[in-house]
Structures are given as C-alpha cells and as structure tokens.
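Here's a quick briefing to read with the model open in your viewer. We'll take it topic by topic, so feel free to click along.

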Amino acid sequence: MNKNICVIGAGYVGLVTAACLANFGHNVFVVEKDPTKRQSLIAGWLPFYEPGLAELVGDGMEAARLSFFGTVEEATLQAKGCEFFFVCVGTPAGSDGSCDTSMVEAAAHDVALFSRPDAICVLKSTVPVGTARLISGQNPQLVVVNNPEFLKEGDAIADFVKPERVVLGGSREACERVQKIYGPLVRNDHKFFLVSHETAELSKLASNLALASRVSLINQIGRLSQALGASIRDVSAIMRTDSRIGTRYLFASLGFGGSCFPKDVLSFVRQCELHGVDPAFARSVIHFNESQKLLFIEDILKNVPKKGHIALLGTAFKPNTDDIRDSPSLAITNTLAHSGYEIKAYDPKSNAHFFNWIMEHKIPNVDCYDVMQSAVEGASAVVIVTEWQEFRGIDLAMLHSLTAENCRLYDGKNIFSRSEAEAAGFIYMGTG
Ligand code: UDX
C-alpha cells in the first residue's frame, strides 16, 4: 500500500530517493530548509545534474505525489502523519576524517518531535559507526534504522530502482517494515541484509574503501607499467578476464574523486584510529590517490612552455555529473595556474561549478569555455580529466589541427591509445 513518506534533505541522495519513491506511488513530502533551493525545486529547477532526475521530479510534482516544505513540522502537518522519515542530510567531513553529524542529529530530533509514535527514522546519510546508537540514545522514543545509500552519481536512478542489495540496520521488526518499502523494487530476498546498526554503518564505508582501493591498485600498477613501457590498458584487460579479480573499478585514471570515496576512506581511517586499529592500508589508499592526481604535473612543468595555454577537457570528477568535488581537475588547475600557466577549461556540464570554485579560491589565469574547440585552439597541451562521451568521440587529427606545434596530449582516463594519438601528431602521455 502506498505510504506517506518524509524525506529530509533535498541534496543528491534525498532528491533521488524522494523522486524514485514518488514515482513508485508513495506520497513523498520533502523537507529542504534552504529557501532558495526549495523555491527552485518547486519552480522545476534542480540544483545539480543527474540524468533523468529532472523528469522524474517533474512527474512526481505533476501527479501531486511529491511536494516540498521548509520544516519537518510543516511536512507532517500537510501529510497528516508520515510513517517513514528518510534522513538524507549532509555529514561534512573534517580533515582528520571526522564527520559532523549535527545535521543528522537535528533532523532526528525533529522527527522525534513531530512524528507519530509508530514512525521510523531511516538514516540514509553516510554516518560514522555508532551514529544510529547515538541518535537512539538522544531520542529514546525514536525507532532508528540505518539504510546506507550505494548510489553512483550519473547512474543514481538505475541504482535506486535496481539495487544490488539493500542494507537495513536495527531491530528485526523495524527493518522488516522498511523492507516493505523496497519489497516491490527488490524481488529477490537475498538482496536484503537485515543487520545490526554497526554492521550497516560499517558496510558502507567498507564498500567504498574496497572500490577506492581497486582504483589505487590499478593506478599503482599503471605507474610501474609506464616506467616499464608496458600498456596498462592491456594489463588491466588481462586482469579483468580473471573472474577472481572481477571486471570493474580497474581502469587507470588520475585518481578517484567525488563526494564519497575520499570522504569515506578517510572516515574509515578515523574509525580505525578511534578503536585502536592500525589504519595503514586505508591511509595508503588516500595517500597514493593524492599523488596520483599530480601525475601529469611534473611532465607539464618540464615540457610544456608557459607561453601557450593548457586546454583542460573535463572538470567533473566523472562523466554524467556536474559534480567537481575532489576532482583531479582541481589539483591540476591549482598547481598549474599558480605556476604561471594559462588554463582554458571546458566541461559539458560542470562549467558553472568550476567557475564558482575558481572565484572562491581566487585561482588566477583560468577561463571556462562553452565550446570545446575554443578551449583547445592554440593549446600547447590538452589534458583530458573526464571521460565524457563527447571526448571519446573526438577526431584526434581534427583536434591536433587546432593546437599549437608540438602539442602534448595528457589522457587522464586512457580513452585513446598511444599509437592513435601519435599517428594524429600528438606527443602522448596516458596514466600508465
Ligand atoms: C561511489 C560509489 O560507487 C557508490 O556506491 C557510493 O554510494 C558513492 O560513491 P560515485 O562517487 O558516484 O559513487 O562514483 P564512482 O562511479 O564509484 O567513481 C568514483 C571515482 O573513482 C571517480 O572519480 C571515478 O572516475 C574513479 N574510478 C572509478 C576510476 O578512476 N577508475 C575506475 O575503474 C572506476
């Protein structure tokens, strides 16, 4: 039966959750305390880009199953009571890996104040281990269930409607009630894990550590591959045929970015430190990743003259998103711009965020372009950071014809082979 559900926080996870649940027939009451963001959502404008989400939000609003409010109190009044409250607010990270859970705590407090007695507070935000128990302690009358989110940006809707697993942490009875929400989505019972709060909380951090460490693993192999003159594309392809190794997250790159991997691996390190466990492995994943982002810089400083400019293709941390958080493009831009290079950046979706970042950090010598060709024209080096389809389809000979003499192509996602880039006239460097 369709339920009244309150989703707190219209950020990335909250909006995807709300739109998908509304599309699924539930009445969803979204609480977004930022009035500007709320008004834009009501006007049909999304604060970030995610394929298919604007349409889904529009459908939900048109069907009157998705509405936006400023407070939990307003939402529950309108709903005349909600059975589930999905908490999807941010947990900003400190540089030591600690997470600020104050927004989660405040949301849970509101739920405790304004919900009916049988309501369940579902924690979707990624939280440090121990948060659900902390919240239960602060609000003894509240039933809390963890439901960590495994959405990938760019694929979020597909990930929500076809999850590989649903993790629920808390009492068996409460978890089974939340399971019913997902039941029609996940018909295979084996995909449900009904576990303790701690297991659910740790499973999210552990999954992201595992994926992030695979990226660092292949990048480590890539560096040796480069030194030996071997091909990381082929080494990776060979490794991926081994079913014990698996096929995914083994593509060499300039390192992982985004809102989750860097933050969650750091949070894992922090949890180890707090519980007297040596975090050496997880720490090395972060450390290695930071140095990977700088892979091209030394070569550029040595070989690219400062009189030309550098064309930066892609500033988002991955394709199909406008998210630039922890993208390798930021480390590259920061170092090169401060070393005196002029940078002309182009991204199909994230120019606005990148421009704001440049302004906020007062980075000199950087311009953003709406058309790729304008960024590339006359460039002494082209640096590809993001593997957008638009870049994969580039005619390299045409690209080369736009650039300055002796242009170097730095391919941060190995989307081209050395031979095809050299045949087009580029001096080529990939990541391995
Ligand atoms: C990740 C998790 O996949 C998701 O389950 C979790 O809920 C949120 O964090 P996301 O950050 O959206 O999702 O991106 P993902 O597609 O996992 O990629 C993360 C980073 O790793 C990107 O910077 C990507 O470019 C990089 N990556 C990924 C590689 O460099 N090589 C690979 O082979 C795969």
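Asp-96 and Arg-270 join side chains in a salt bridge, 3.5 Å from N to O. Asp-96 sits in the loop between S4 and helix H5 (102–114), while Arg-270 is in helix H11 (residues 261–274), so this pair links parts that are 174 residues apart in sequence. Keep in mind that this is a predicted model.

**Salt bridges**

- Neither end of that first pair is fully tucked away: Asp-96 is partly exposed, with a relative accessible area of 37%, and Arg-270 is partly exposed at 25%.
- How many salt bridges are there by this rule? The count comes to 19.
- Another one pairs Glu-83 with Lys-3, with the closest N and O atoms 3.4 Å apart. Glu-83 is in the loop between helix H4 (72–79) and strand S4 (84–87), and Lys-3 is in the segment before strand S1 (4–8), so the bridge ties together parts 80 residues apart in sequence.
- Buried or partly exposed: which is Glu-83? Glu-83 has 13% relative accessibility, so it counts as buried, since the cut-off for buried is under 20%. Its partner Lys-3 comes in at 23% and counts as partly exposed.
- Lys-293 bridges to Glu-290, again with a closest N and O distance of 3.5 Å. Here the lysine is the buried end, with Lys-293 at 4% relative accessibility, whereas Glu-290 is partly exposed at 40%.
- Some bridges share partners: Lys-3, Glu-83, Arg-116, Asp-118 and Arg-177 are joined into one network that way.

**The ligand site**

- Which residues are closest to the ligand? Glu-153, Tyr-249, Phe-251, Ser-253 and Lys-318 are the closest, in a shell of 20 residues.
- Helix H9 (residues 197–228) supplies the largest share of that shell, with four residues.
- A polar side-chain atom of Lys-318 is 2.8 Å from an oxygen atom of the ligand.
- The backbone joins in too: a backbone N or O atom of Leu-151 lies 3.0 Å from a ligand oxygen, and a polar backbone atom of Leu-250 is 3.2 Å from a ligand oxygen.
- The ligand exposes 660 Å² when taken alone, and the protein buries 92% of that.

**Cys-99**

- If you're looking for Cys-99, check the loop between S4 and H5.
- Cys-99 has a relative accessible area of 16%, so it counts as buried.
- What does Cys-99 contact, leaving aside its neighbours within four places in sequence? Its contacts are Thr-91, Pro-92, Ala-93, Pro-128, Lys-263 and Ser-267.
- Where is Cys-99 relative to Leu-250? The two are 28 Å apart in space, C-alpha to C-alpha, and 151 residues apart in sequence.

**Helix H2**

- H2 spans residues 35–42, and Arg-38, Ser-40 and Leu-41 are buried there. These three cover an arc of only 165° around the axis, so they lie on the same side of H2.
- As background, an α-helix has 3.6 residues a turn, so residues three or four places apart point the same way.
- What do the buried residues of H2 pack against? Their packing partners are helix H1 (12–23), helix H3 (53–62) and strand S3 (66–69).
- Both ends of the helix have something to look at. At the start of H2, a side-chain oxygen of Asp-34 reaches to within 3.0 Å of the backbone nitrogen of Thr-36. After H2 comes Gly-44, with a positive phi near 90°.

**Asn-289**

- Asn-289 is part of helix H12 (residues 280–292).
- Asn-289 counts as buried, at 1% relative accessibility.
- Which backbone atom lies 2.8 Å from a polar side-chain atom of Asn-289? The backbone nitrogen of Phe-256 does.
- Not counting residues up to four places away in sequence, Asn-289 touches Ser-216, Gly-255 and Phe-256.

Technical notes:
Residues are numbered from 1 along each chain as its sequence is written. This is a predicted model: local features need pLDDT of at least 70, side-chain atom pairs count only at pLDDT 80 or more; totals for chains, interfaces and linings use all residues. Side-chain values use heavy atoms; hydrogens and water are left out. Helices (H or I, at least four residues) and strands (E, at least two) are DSSP runs, numbered from the N terminus. Buried means under 20% relative accessible area, exposed over 50%, partly exposed in between (1.4 Å probe, protein chains only). A polar contact is a pair of N or O atoms within 3.5 Å; within protein, one must be able to donate a hydrogen and the other to accept it, and residues adjacent in sequence count only if both atoms are side-chain atoms. Contact means heavy atoms within 4.5 Å. A salt bridge is a side-chain nitrogen of Lys or Arg within 4 Å of a carboxyl oxygen of Asp or Glu. The arc is that of the directions from the helix axis to the C-beta atoms. A residue is near a molecule or strand if one of its heavy atoms lies within 4 Å of it. Accessible areas come from the Shrake-Rupley method with a 1.4 Å probe; for residues, only the protein chains shown count as cover.
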